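Please look through the entry below before reading the comments. They are meant for someone who has not seen it before.

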Amino acid sequence: MSTPTTPQPGRPIGGRIVTVTPNPSLDRTIELAGELQRGAVQRATRSTAEPGGKGVNVSRVVVASGGDTVAVLPGDELDPVLVGLATRGIPTAALPIGAALRSNVTVTEPTGTTTKLNEPGPSLAGRLDDLADLVATTAGPTATDPAARWVVLAGSLPPGLPDDALAVLVRAVRQRHGDDVRIAVDSSGVPFTALLQSGERIDLVKPNAEELAEVVGGDPEQYEQDPERAAAAAARLRERGVDTVLLTLGSAGAVLVDGTGSWTAAAPRITARSTVGAGDSSLAGYLLAEVAGATPERRLAQAVATGAAAAGLPGSDVPALDATDPDAIVVHRLGPPASPVGPPPTPPGASAPTPVGETVPVPHGA
């Protein structure tokens, strides 16, 4: 089991973001000049290969933005994914597994339409406890730095891990660090449902419309068309131990729900080149804004701006925050929490809530 590599010097003051990608990949992106034609031979206009996986992508945005991160993942030292991360200056804590990590292929069309072919990945049977220990250790304090601000559990599970693996990882962090380390989850399917049913407390989840519908029901298209309906559905996750929900809605923007209220922000008009990593970039933007002490409105604006910037880049490229424009994002407050989980008490001297339906100004530098 390897130890985390040393974070790069010169990082701004702020909390460390530890990402966990149980099923990382080498992501190859192929760009076409026209529509994908099944059964035909087509020439690519561009081809790239990047270390990938949801958590890895979050760490890539953090590093590009000058933040502090460690990417936790399975893989051997000379695996192309680990080599690629080292080449890009991304600190890692790797769990050796003696097998090659998977490769995924994404085909992108000029319209922004993407087709993904994902391999299952190597088996991690019998290694869940080792992974949980590595995550909890990496999230802890070092000789020079305090414990991590966030642990991000992101992506699918590889073969060999049980359905409750996410709950096991959350429990390991809580047992070692209590509430000192915040936990964000971006996953789906049976593992995500099992986590919500486990009773473990989660600080943040980032579903998209389809993933939200899998858990609470409803129509994903209606969530993308109706922010108030989406916020009400997202608030139902707060009944299951989730404190905050960042619901990404693709070209429709995003919705944020926490114990103090709910907000929506439309995405800016862009020419989409590839949606690969856009949701991961949104999550990274939100976390970096939170680490910087931003308000919920500002965090949402930064999330939408970062996701839009990623969608405008080719292949699996990710943006740095200085290439985004959160000040152009208009945030609207939808209302108070729509969940039995009540809002926390208002701190002394805090400003009054914004009236329902009123536009929230997003201050510069917040």
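The numbered points below go from the whole chain to its sheets and helices.

1. The model is predicted, not experimental in origin. Its protein chain has 366 residues, and 52% of them count as buried. The secondary structure comes to ten helices and 15 strands.

2. Contacts along the chain can be sorted by separation in sequence. Among those between residues at least 6 apart, 68% join residues at least 24 apart.

3. One open sheet is built from four strands, and its order is β3-β2-β6-β7. The pairing in this sheet is mixed. At the edges are β3 (44–52) and β7 (114–118), each of which pairs on one side only. From one strand to the next, the twist averages 15 degrees.

4. Within that sheet, β2 (residues 25–32) and β3 run antiparallel and are joined by eight bridges. As a point of reference for the viewer, Ile30 is opposite Ser47 in β3.

5. A parallel pairing is found between β4 (residues 69–74) and β5, with four bridges. Here Pro74 stands opposite Leu95 in β5. Between the two strands the chain passes through helix α2 (residues 80–87), and the resulting β-α-β crossover is right-handed.

6. Are the side chains of β5 (residues 92–95) buried or exposed? Thr92 and Ala94 point one way, Ala93 and Leu95 point the other way, and all of them are buried.

7. Helix α3 (residues 128–138) has a set of buried residues: Leu128, Leu131, Ala132, Leu134, Val135, Ala136 and Thr138. What do they pack against? Their partners are the strands β1 (17–20), β4, β5 and β8 (150–154), together with helix α4 (165–177). Strands β4 and β5, the parallel pair of point 5, are thus among the elements that α3 packs against.

8. Two packed helices are described by the angle between their axes and the distance between the axes. For α9 (residues 278–291) and α10 (residues 296–311), the axes come within 7 Å and cross at roughly 145 degrees. The crossing of α9 past α10 is right-handed.

9. The residues that meet in this helix pair can be listed by side. From α9 they are Ala278, Ser281, Ser282, Gly285, Tyr286, Ala289 and Glu290. From α10 they are Arg299, Leu300, Gln302, Ala303, Thr306, Gly307, Ala310 and Ala311. Sorted by class, the contact has seven nonpolar, six polar and two charged residues.

Definitions and conventions: Residues are numbered from 1 along each chain as its sequence is written. This is a predicted model: local features need pLDDT of at least 70, side-chain atom pairs count only at pLDDT 80 or more; totals for chains, interfaces and linings use all residues. Side-chain values use heavy atoms; hydrogens and water are left out. Two strands pair if DSSP finds at least two bridges between them. Axes are lines fitted to C-alpha atoms, for helices over the stretch in contact, and angles run from 0 to 180 degrees between N-to-C directions. Buried means under 20% relative accessible area, exposed over 50%, partly exposed in between (1.4 Å probe, protein chains only). A crossover is right-handed if, with the strands pointing away from the viewer, the path from the first strand over the helix to the second runs clockwise. A crossing is left-handed if the near helix is turned anticlockwise from the far one by less than a right angle, and right-handed if clockwise. Contact means heavy atoms within 4.5 Å. Ala, Val, Leu, Ile, Met, Phe, Trp, Tyr, Cys and Pro count as nonpolar, Asp, Glu, Lys and Arg as charged, and the others, Gly among them, as polar.
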